Amino acid sequence: MSSSFGKASDIEAASKAAVASAASGGVQVTNFTELVDEVTIHFQIIRLAKQIYVWIGSESAKLGNLYAAAPTRPNNTVSVTSILGGASDNTGSGIARRLVLKTGLNIIVACNIPKNNPMLEANAEKKLIEKLITLGYSRPKSRSPGPELSSS
């Protein structure tokens, strides 16, 4: 980033606006593309009031395996289920589980990245989490588990 100060403040302002929009019941859509382990990975994040939908894909715009994950009480664990595909391929289920732990929100993950490449999946998840933090969708570390958003 050549003019990082101006761009950083623009990103921060956009992130705060996205959090305010999502917190007030609006829908926030974020699309981005990253080169991960020499593979172009496309991401789409749709933030609803108490839920995040994430699509991760490469090569084609197919939906891929679809997982739903949610915090479960009283033990603050996470439940994950396969909605579409995923019988023998669980690419995406771990991502969904960890996103719930990171955000405290219900998560839907559609994953269409190459199978049998755990490093690609891990690195794609890392890029996704970096973006979620930038957008302000991660749960504060000092607070107890819950569906609230970080306000910073």
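## Strands β3 and β6

In this predicted model, strand β3, residues 51-57, runs parallel to strand β6, residues 106-112, and 7 bridges join the pair. Within this pairing, V54 has V109 of β6 as its bridge partner, and I56 is bridged to C111, also in β6.

Strand β6 is paired with β4 as well, here in the antiparallel sense, over 5 bridges. One of the residues involved is A68, whose bridge partner in β6 is I108. Most of β6 is covered, with 6 of its 7 residues buried.

## The whole sheet

These strands belong to an open sheet of 6 strands, in the order β1-β2-β3-β6-β4-β5, and the pairing is mixed. The edges are formed by β1 (28-36) and β5 (77-84); each has a single partner strand, so one side of each lacks a neighbour in the sheet. On average, neighbouring strands are turned by 15° against each other, with direction ignored.

In general, the strands of a sheet pair through backbone hydrogen bonds, and the pairing is either parallel or antiparallel.

## Helix α3 across the sheet

Helix α3, residues 118-135, lies across β1, β2 (39-47) and β3. The helix runs at about 140° to β1.

## S58 in the loop after β3

S58 is found in the loop between β3 and β4 (65-72). Its relative accessibility is 4%, so S58 counts as buried. Leaving aside residues up to four places away in sequence, S58 touches V39, T40, I41, H42, N112, I113 and P114.

Terms used:
Residues numbered from 1 in each chain as written. Predicted model: local features only at pLDDT ≥ 70, side-chain atom pairs only at ≥ 80, totals over all residues. Heavy atoms only, no water. Pairing = 2+ DSSP bridges. Helix = DSSP H or I, 4+ residues; strand = E, 2+ residues; numbered from the N terminus. Axes fitted to C-alpha atoms, helices over the stretch in contact; angles between N-to-C directions. Contact = heavy atoms within 4.5 Å. Buried < 20%, exposed > 50% of the residue type's maximum accessible area, 1.4 Å probe, protein only.
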